[in-house]
Amino acid sequence: MRRRNLIGRTISRLRSEQNWSQNDLATKLQLEGVDISRDMIARVELGLTKVSDELIEGLQRAFRVPIARLFPSYVQDKDQQFAKREKSLATRKPNQRRRS
């Protein structure tokens with residue numbers, strides 16, 4: 001079965017690192033204004049459901065991590081490569097930029 005989100009495994013790992021139960025995480029997210037249950041946390045961690053922007057923002061606040069850290073390392077690596085490329089393009093002189 002295809003996973004429906006990229007962050008579930010990372011959320012499970014981060015939660016375990018904090019020694020939080022799924023219920024603990026659900027409670028913390030509820031305090032951040034996210035309407036979520038323990039069952040929904042389980043479904044996210046298993047990759048059975050998609051995640052909303054609201055949930056991603058709540059997870060960032062609950063774990064106190066940059067949003068990128070919620071994603072698997074290969075996504076973080078791609079993000080860093082993209083940022084380096086964009087920074088490189090931004091620092092080029094106008095006549096050095098590639099034409100599309």
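**Close-up views of a predicted model**

**View 1. Ala62 and its surroundings in helix 4.** Ala62 is buried, since its relative accessible area of 11% falls under the 20% limit used for that class. This residue of the predicted model is placed in helix 4, and, once neighbours within four places in sequence are set aside, Ala62 is in contact with Trp20, Leu25, Lys28 and Leu29. A further relation across the sequence can be followed from Ala62 to Gln30, for the two residues are 32 residues apart in sequence while their C-alpha atoms lie 9.7 Å apart in space.

**View 2. The salt bridge between Glu32 and Arg61.** Glu32 and Arg61 form a salt bridge in which the closest N and O atoms are 2.9 Å apart. Distant parts of the chain are linked by this pair, with Glu32 in the loop between helix 2 (22-31) and helix 3 (38-45) and Arg61 in helix 4, 29 residues apart. The C-alpha atoms of Arg61 and Glu32 are separated by 7.4 Å. Glu32 counts as partly exposed because its relative accessible area is 31%, a value that lies between the 20% and 50% limits of that class. Arg61 is likewise described as partly exposed, with a relative accessible area of 34%.

**View 3. Arg69 and Glu17, with the network that includes Arg13.** Side chains of opposite charge can pair when their charged atoms come close. In this view Arg69 forms a salt bridge with Glu17, and the closest N and O atoms of the two are 3.8 Å apart. The pair links distant parts of the chain, given that Arg69 is in the loop between helix 4 (53-63) and helix 5 (73-91), whereas Glu17 is in helix 1 (residues 8-17), 52 residues apart. Both partners are partly exposed, Arg69 at 34% relative accessibility and Glu17 at 45%.

**View 4. The salt bridge between Arg38 and Asp39, and the wider set of ion pairs.** Arg38 forms a salt bridge with Asp39, where the closest N and O atoms are 2.5 Å apart. Arg38 counts as partly exposed at 36% relative accessibility, and Asp39 counts as partly exposed at 48%. Elsewhere in the model, salt bridges that share partners join Arg13, Glu17 and Arg69 into one network. The count of salt bridges comes to five.

**View 5. Thr10 in helix 1.** Thr10 has its place in helix 1 and is buried, because its relative accessible area is 6%, which is under the 20% limit. Leaving out residues up to four places away in sequence, Thr10 touches Arg69, Leu70, Phe71 and Pro72. Arg69, one of these contacts, is also the salt-bridge partner of Glu17, and Arg69 itself is partly exposed at 34% relative accessibility, whereas Thr10 is buried.

**View 6. A patch of positive charge on the surface.** Arg2, Arg4, Arg43 and Lys50 gather on the surface in a patch of positive charge. Arg2, one of the residues of this patch, is found in the segment before helix 1. Arg2 counts as exposed because its relative accessibility is 74%, which is over the 50% limit for that class.

**View 7. A patch of negative charge on the surface.** Asp35, Asp53, Glu54 and Glu57 form a negative patch on the surface. Glu54, one of the four residues named, lies in helix 4 and is partly exposed, with a relative accessible area of 44%.

**View 8. Two residues with a positive phi, Asn19 and Arg64.** Most residues other than glycine have a negative phi. Asn19, which is not a glycine, nevertheless has a positive phi of about 60 degrees, and this residue lies in the loop between helix 1 and helix 2. Asn19 counts as exposed at 70% relative accessibility. Arg64 is not a glycine either and has a positive phi of about 55 degrees, its place being in the loop between helix 4 and helix 5. Arg64 is exposed, with a relative accessible area of 71%.

Terms used: Residues numbered from 1 in each chain as written. Predicted model: local features only at pLDDT ≥ 70, side-chain atom pairs only at ≥ 80, totals over all residues. Heavy atoms only, no water. Salt bridge = Lys/Arg side-chain N within 4 Å of Asp/Glu carboxyl O. Helix = DSSP H or I, 4+ residues; strand = E, 2+ residues; numbered from the N terminus. Buried < 20%, exposed > 50% of the residue type's maximum accessible area, 1.4 Å probe, protein only. Patch = residues over 30% accessible without salt bridge, like charges linked within 9 Å, V, L, I, M, F, W, Y side chains within 5 Å. Areas by Shrake-Rupley, 256 points an atom, 1.4 Å probe, with all protein chains shown as cover. Lys, Arg positive; Asp, Glu negative; His and termini not counted. Charge placed at Lys NZ, Arg CZ, Asp CG, Glu CD. Contact = heavy atoms within 4.5 Å.
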